[in-house]
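Please walk me through this structure, beginning with how charged groups sit against aromatic rings and ending with the way the protein meets the DNA.

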There are 4 protein chains.
Amino acid sequence: MKQPEPAGAGEAKPLTDKQQRVLDAALEMFAERGYSGVATNEIAKRAGVAEGTIFKTWKTKKDLLVAVVAPLFFRLLAPRLLEEVRALFLRPWPDAESLLRAVLLNRTEFIREHQRVLKVVLQELPFHPEVRTLATDAIKTRLWPDLRATWERLQAEGKVRADAAPHVIARNIIGAFAAWFLVRYVVDPGDHWNDADEHEQIVRLLLDGIRPR
Amino acid sequence: MKQPEPAGAGEAKPLTDKQQRVLDAALEMFAERGYSGVATNEIAKRAGVAEGTIFKTWKTKKDLLVAVVAPLFFRLLAPRLLEEVRALFLRPWPDAESLLRAVLLNRTEFIREHQRVLKVVLQELPFHPEVRTLATDAIKTRLWPDLRATWERLQAEGKVRADAAPHVIARNIIGAFAAWFLVRYVVDPGDHWNDADEHEQIVRLLLDGIRPR
Amino acid sequence: MKQPEPAGAGEAKPLTDKQQRVLDAALEMFAERGYSGVATNEIAKRAGVAEGTIFKTWKTKKDLLVAVVAPLFFRLLAPRLLEEVRALFLRPWPDAESLLRAVLLNRTEFIREHQRVLKVVLQELPFHPEVRTLATDAIKTRLWPDLRATWERLQAEGKVRADAAPHVIARNIIGAFAAWFLVRYVVDPGDHWNDADEHEQIVRLLLDGIRPR
Amino acid sequence: MKQPEPAGAGEAKPLTDKQQRVLDAALEMFAERGYSGVATNEIAKRAGVAEGTIFKTWKTKKDLLVAVVAPLFFRLLAPRLLEEVRALFLRPWPDAESLLRAVLLNRTEFIREHQRVLKVVLQELPFHPEVRTLATDAIKTRLWPDLRATWERLQAEGKVRADAAPHVIARNIIGAFAAWFLVRYVVDPGDHWNDADEHEQIVRLLLDGIRPR
DNA sequence: AATGAATGAGTCTTCATTCAT
DNA sequence: GATGAATGAAGACTCATTCAT
């Protein structure tokens with residue numbers, strides 16, 4: 001329990017106070033102005049640290065980016081979190097509706113917590129193979145297998161229709177969720193949303209489709 | 001009908017050969033490496049033009065970005081295209097299914113054609129107010145009103161369910177489509193996809209939902 | 001009488017309308033922003049001429065500067081003007097006072113007329129040997145001999161003190177005049193000056209000194 | 001008394017060796033070729049410093065110009081110097097003659113010391129409001145009040161004529177001095193001058209005028 | 001003669017990275 | 001470990017000059 005980041009990655013030593021401040025500053029600034037829009041000396045200034053100090057810990061600016069972004073994936077893959085998600089799926093939901101709603105809530109919280117890292121990841125994904133690798137690895141080897149397994153089980157139990165490929169179902173759901181999050185937190189992040197109502201409608205539409213019954 | 005770009009914007013003069021080559025080079029390179037990852041002298045070299053020539057036409061590099069990106073929106077708003085989309089919606093579809101499938105096809109083509117501009121727009125959106133303005137203007141004042149109107153008509157005709165807000169329906173559909181395009185053209189752009197089959201499933205799920213009937 | 005600038009320099013052909021407009025534009029802009037603060041394309045635009053046109057007449061930008069500045073010296077040396085000045089000096093002035101006052105008036109007019117060229121000359125003198133040569137030549141070979149001769153005559157006639165070197169007398173007078181012109185036309189060019197009164201005082205001080213009699 | 005530059009301006013830290021070398025190089029080159037005739041990389045090379053180093057201390061090239069030029073005015077206004085000048089004026093001179101001669105000597109030394117800065121200031125004055133402000137401020141708020149007061153006192157004591165406005169007297173004197181300095185140090189800076197004799201004549205002419213008594 | 005598109009060397013400035021202290 | 005002065009390569013942009021039309 002001495003290490004804040006329990007196992008998971010090769011990151012051995014806990015971060016010093018200064019290092020943490022650098023990461024915080026970098027995250028905030030990258031999120032606001034993009035990786036290449038921020039100069040290292042600005043990060044240093046905001047972190048209250050000498051510019052050289054940054055390069056003592058991270059050899060290059062890109063290393064810093066990776067360090068800023070990696071925790072998202074470590075946390076994504078952290079046993080505890082995976083367990084949590086798995087538990088979510090494994091609970092004997094009475095129907096798919098409750099499940100979907102629970103996942104939506106769960107992700108909402110996750111996104112609200114990691115909003116800035118997510119922004120940075122999405123923005124820098126196209127230009128940094130290192131980041132891309134982190135992301136695809138995390139998705140392919142950890143999330144997707146679980147997701148797929150869960151889905152197939154639900155289909156077997158007759159709780160979701162069996163005449164559709166899991167990847168299409170997953171994609172539609174993720175697409176709908178993502179569209180909502182994008183609108184909610186990026187395009188129009190005001191306070192005027194009735195989140196519960198939106199969730200309700202999103203889930204109902206996903207379940208029953210847009211065709212009138 | 002003498003000018004290739006029929007009215008539309010205040011841009012009066014047609015582009016010279018060199019200007020066109022600069023735009024092409026810039027588009028290609030911005031798409032690959034991002035706006036700030038490309039130096040103007042590289043663009044010049046790729047376009048077979050002196051660096052100074054670029055700045056004769058566009059005062060700054062950012063002006064060049066806008067020039068690269070703007071045609072997408074001009075074309076998006078070009079009367080012909082708007083007409084086409086409107087016609088698509090206004091045709092007396094027997095059901096929503098055929099409509100959705102037609103729109104999906106139509107957008108697929110649009111995306112395949114403008115793949116690179118779209119990539120640039122999405123990538124640079126967060127950092128360039130000018131680009132953001134272009135995009136939000138195009139969407140808010142042109143696309144959304146039509147979309148909303150169409151949708152409300154469909155609801156009135158009993159062709160889609162009336163107990164869901166148009167914006168949620170639209171968002172779910174767009175989300176599903178976008179997720180598909182992203183996977184299809186960015187994440188895994190191989191040739192191994194059966195596009196028709198994917199379309200079929202996407203549309204069916206949107207229409208009928210994932211709950212078994 | 002066909003040539004506006006009669007003899008004097010190697011300049012054979014009269015200027016075309018466009019050439020004159022270029023010279024005018026260049027003079028005005030050089031005076032305002034300095035030689036190196038003005039781009040040739042700005043001169044061209046102001047003159048309503050294509051940039052290339054300038055270089056048809058003057059091989060380089062510096063040639064243009066010389067062309068802008070040279071007329072001052074041609075005019076300075078133009079027989080007519082020299083005659084005028086010489087006449088000024090040769091007239092049988094009752095005393096030095098009237099002479100000084102006449103010269104001051106005469107120079108005032110000259111400066112007001114050629115204000116901008118003078119400004120350009122003074123500003124660019126230090127950096128352009130060509131301009132410096134023009135100036136020193138004009139002064140050494142034309143003005144100074146006359147000035148000196150006149151002065152020595154005045155001394156011989158007992159109209160100015162003989163126990164001072166002509167060059168010191170000339171320098172003091174020119175210094176006082178120049179200081180006045182500088183303040184009057186550059187430092188504080190307002191309309192609140194009583195020119196006649198200033199002239200009166202300047203001349204009296206030059207003549208009688210600052211020591212009370 | 002630990003800092004070589006005793007208070008005076010907001011400039012707190014003393015200059016490092018490299019900064020001083022940059023200032024020296026810049027001063028020398030600006031004086032020779034003018035502000036806009038010198039490239040920053042040349043200054044860097046001459047100072048034996050990387051080009052970037054310059055911009056660490058001075059944000060822009062113009063800032064460097066101001067830094068080069070400002071010390072003149074700080075020194076001009078430095079308490080010690082002001083005191084010195086004031087003392088010069090306040091000493092109970094037997095007559096105005098001795099005073100004028102002393103001032104002339106004093107200024108000669110000042111000019112010989114600061115020759116290059118003075119040149120730069122005069123050359124760049126017309127084009128850089130920042131420099132102009134420095135100069136006019138220094139003159140208006142510090143030098144002129146003292147000068148005027150002194151002069152009026154001398155008039156009251158009957159040591160200089162009272163029937164001439166102080167500003168005209170001052171202007172004539174300054175003009176005569178300036179003309180001399182210009183000829184002596186700029187136009188014809190040789191060693192063949194008999195400075196003492198020139199001073200003698202300048203002062204006598206100023207005092208007694210050019211009219212024979 | 002006149003044009004103005006095109007050039008490319010040159011300019012100021014930024015910034016990730018290094019290293020002596 | 002930490003510092004921050006120093007670096008120099010690279011970047012966006014300017015501008016006098018040329019040349020095909």
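A charge is taken to sit over a ring if NZ of Lys or CZ of Arg is within 6 Å of the ring centre and within 35 degrees of the ring normal. In this predicted model, R107(C) lies over the face of F110(C), at 4.5 Å from the ring centre, and in chain A the residue R107(A) lies over the face of F110(A), at 4.6 Å from the ring centre.

Rings can also pair with one another, and over all chains the structure holds 12 aromatic pairs. For F30(A) and Y35(A), the ring centres are 5.5 Å apart and the planes stand at 55°, so this pair is tilted. F30(A) and Y35(A) are both buried.

The DNA offers another view of the protein. Around DNA strand E there are 29 residues, of which T40(A), K61(A), T53(B), T53(C) and K61(D) come nearest; of the atoms of DNA strand E that come within 4 Å of the protein, 57% belong to sugar and phosphate. By class, the surface near this strand has 10 nonpolar, 10 polar and 9 charged residues. The helix α3 (51-57) supplies at least two residues of that surface from each of chains A, B, C and D, and the largest share, 4 residues, comes from α3(D).

Individual contacts with the phosphates involve both backbone and side chain. A polar backbone atom of T40(A) is 2.6 Å from a phosphate oxygen of DNA strand E, while for a polar backbone atom of A50(C) the distance to a phosphate oxygen of the strand is 3.3 Å. From K61(D), a polar side-chain atom lies 2.6 Å from a phosphate oxygen of DNA strand E.

Conventions
Residues are numbered from 1 along each chain as its sequence is written. Chains are lettered from A and ligands numbered from 1 in the order in which they are written. This is a predicted model: local features need pLDDT of at least 70, side-chain atom pairs count only at pLDDT 80 or more; totals for chains, interfaces and linings use all residues. Side-chain values use heavy atoms; hydrogens and water are left out. Rings of Phe, Tyr and Trp (its six-membered ring) pair if their centres lie within 6.5 Å; planes under 30 degrees apart count as stacked, over 60 as edge-to-face and the rest as tilted. Buried means under 20% relative accessible area, exposed over 50%, partly exposed in between (1.4 Å probe, protein chains only). A residue is near a molecule or strand if one of its heavy atoms lies within 4 Å of it. A polar contact is a pair of N or O atoms within 3.5 Å; within protein, one must be able to donate a hydrogen and the other to accept it, and residues adjacent in sequence count only if both atoms are side-chain atoms. Ala, Val, Leu, Ile, Met, Phe, Trp, Tyr, Cys and Pro count as nonpolar, Asp, Glu, Lys and Arg as charged, and the others, Gly among them, as polar.
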